[in-house]
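Reader: I would like a close look at one part of this structure, with a few other places added for context. Please keep the account plain.

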Amino acid sequence: MRILKLFDVARNVSNCVIRRNFVRNFAGDGGTRMARFSPIDPSSFSRPDLAVVTNIKLSLKVHFDQKIFSGNCDLTVKKLHENVNEVVLDVKDLDIESIYETETNTKCKYTLSQPVGEFGSELAIEIPPKEVNNYIFTINYKTRPHASGLQWLEPEQTAGKKHPYVFSQFQAIHARSFLPCQDTPYVKTKYEALINAPTDLSVVMSAIRDATKPMIGYNLHHFKQDVPIQSYLIAIAIGALESRKIGPRSTVWAEKEFIEMAANEFANTEKQLKTAEDICGPYVWGIYDLLVLPPSFPFGGMENPCLTFVTPTLLAGDRSLANVVAHEIAHSWTGNLVTNANFEHFWLNEGFTVFIERKILGRLESPQVQDFDAYGGTVELKEAIKVMGSNNPLTNLVVNLTGVHPDDAFSRVPYEKGQTFLRYLENTVGGPAVFEPFLRKYFDTYKYRSLTTDEFKAFFIEYFSSTPEIKNIEWNKWLHTPGMPPVIPDYDKTLLKTIDEMKQRWLNWDEKSGPVPFSGDEITSIQKIQLLQDIFESEPQPIKKLEVLEEKFKFTEVQNAEIKFRWLRIGIKAKWEKIVDPALNWVNEVGRMKYCRPLYRDFYNWEEMRAKAIQNFQDNRKNMMHVSAYTIAHDLRLKE
């Protein structure tokens, strides 16, 4: 192993010695291992413990012809130690033109480190001497066309085919490709934005619209977010959008071609929001709008405050996949209001969110549906851990991200293992009637703050100090041990009985024994999804049998993406060549990683189709958002 010293990051605040110390280890296999960038967050160069950003003001113009934003951002900075002489920010592929201390109009000296892989660079701005410790820095800059947090679409890539489109996805650490910032969830700030955009396009952001001012040739859009948020929750989308009111606090936005379908699909949003408030406490964000993005959006949803981004794959036609909205609503408390201090504690965001999402589902549907969904999550968790390896430290609830990009650590583990742990804790202390008051107290105590797992643990132990059962909780096994959870709750399996019976009928039937012995109408959409998952986990199915079932049910043409996804996986597992083109065409249309990554992994494991799948990916990666292309390239074992 060869060790190359790149630059120093060790700091001595008391005597203003600030040395950047960064060590990169080059392994023999070409891989790299890196030191933690800062004491607070291994994925951020910033030092908010020394000088912290407290407010952000953006003034930007969109240039669709160049695929960039240009303008400036004002950062309000508070110095936390008298002898600190710089503020440290994260940037990635930004062209910094100049920096000024606004109140004195002093041009500031700054240093920009060489980029470190996908993490970007450290921007250190020299703080001029002043009697007070508060500063405003104006940074004039431009983004670049391949900014990892932005997706630029040509008109032909949109539903309407007439106008360009751009949208953001900054989680986990891609806000630094849009603005200079302390790109760590440890830091929360208010923000406002002035966006200059063409008159024929709409602009939406994760904030309250303050005004839209028509100008000659463009509109100036003003947004304000008065609740402090972390950088990855800043969000923007610009395109030919229409809107429909779907509730007293909610509007849905989409391209004209999807707007009516979206308004119908998400008509129950207010019910979900009210149910979440009953569980979690007051909703502090004012509005809860939704934006249905183009298909290349890589996630099911993104919990941007005031404006949840969702994938069009949720438009099933029967509202059967709208529970994703319940997930994003839950984030209004779990992740947005109370936040993981860094992504090593990501389960504090996502485990809590899945836990609350299922409580919403249980109240709006039934406890049986809640447990049915939790059982399905356990199945997904088993597959995720099988793929990652049961001894993989990234299957811990609390992970070590030293030298590991958060995108490389992303999986179902923090979601489902985290939810399972919380369900176990709830059962341990006496059930929902006891645990839900704790949740509300937790959210109220830590609102507008970020915390670590140790802080959560200490709060839990103090709250339940008079509950003797908590002494039996094996914290280390749950938090720091890889693999499946040590305990799986005893979920209600009532809704699984029909599925088990249909599964046996499916497996015992073949095309020679007469007509297909079921119509599909006997079970709900969510049960069909689980049935197909169970079939996928069984032995590979005979191809002739699959052909008959496809002829009858037209699974490759269904609108429900969860059903189609599982059917395609069943076909690939059976090495059914006729399923290859429909599957590849679908991953070219749908950018959601939940579907694309497993399908590409399945193709990789089918040796005869591996090269075709890799070629398909290489031909289409230009249409993918960065995080999708980056992770799928790793799945296909392609060198970046």
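Author: What follows starts with one strand and then turns to the cysteines, a pocket and a loop residue.

The model is predicted. The strand chosen for the close look is β8, made of residues 86-91. It is mostly covered, and 6 of its 6 residues are buried. The covering applies to both faces of β8. On one side are Glu86, Val88 and Asp90, and on the other are Val87, Leu89 and Val91; all of these residues are buried. The charged residues Glu86 and Asp90 thus sit on one face together with Val88.

The partner of β8 is strand β12, residues 121-126. The two strands run antiparallel and are joined by 6 bridges. Within this pairing, Asp90 of β8 stands opposite Glu122 in β12.

Next come the cysteines. The structure holds 0 disulfides. A disulfide is a covalent bond between the sulfur atoms of two cysteines. The cut-off used here is a sulfur pair within 2.5 Å. For Cys108, the closest cysteine sulfur belongs to Cys73 and is 13 Å away, so the distance is too far for a bond. Cys181 is in no disulfide either, and its nearest cysteine sulfur, again that of Cys73, is 8.3 Å away. Cys108 has a relative accessibility of 7% and therefore counts as buried, because the limit for buried is under 20%. Cys181 has a relative accessible area of 2% and is buried as well.

The second largest pocket is another part to look at. About 450 Å³ of space lies in this pocket. Its lining has 22 residues, and those nearest the centre are Pro145, His146, Gln151, Lys622 and Met624. Two elements, β14 (150-153) and α18 (626-635), give two or more residues each to the lining. By type, the lining residues of this pocket divide into 8 nonpolar, 6 polar and 8 charged.

The last place is a loop. Glu474 lies in the loop between α9 (453-463) and α10 (475-480). With a relative accessible area of 43%, Glu474 is partly exposed, because this class lies between the 20% limit for buried and the 50% limit for exposed. From Glu474 to Val310 the separation is 164 residues in sequence, and in space it is 37 Å, taken from C-alpha to C-alpha.

Note on methods
Residues are numbered from 1 along each chain as its sequence is written. This is a predicted model: local features need pLDDT of at least 70, side-chain atom pairs count only at pLDDT 80 or more; totals for chains, interfaces and linings use all residues. Side-chain values use heavy atoms; hydrogens and water are left out. Helices (H or I, at least four residues) and strands (E, at least two) are DSSP runs, numbered from the N terminus. Buried means under 20% relative accessible area, exposed over 50%, partly exposed in between (1.4 Å probe, protein chains only). On a 1 Å grid over the protein atoms alone, a cavity is a set of points where a 1.4 Å probe fits but cannot get out, and a pocket is an open set with protein on both sides within 12 Å along at least five of seven lines; lining residues have an atom within 4 Å of a point. Grid points are joined across faces, edges and corners, and a volume is the space filled by probe spheres set on the points. Two strands pair if DSSP finds at least two bridges between them.
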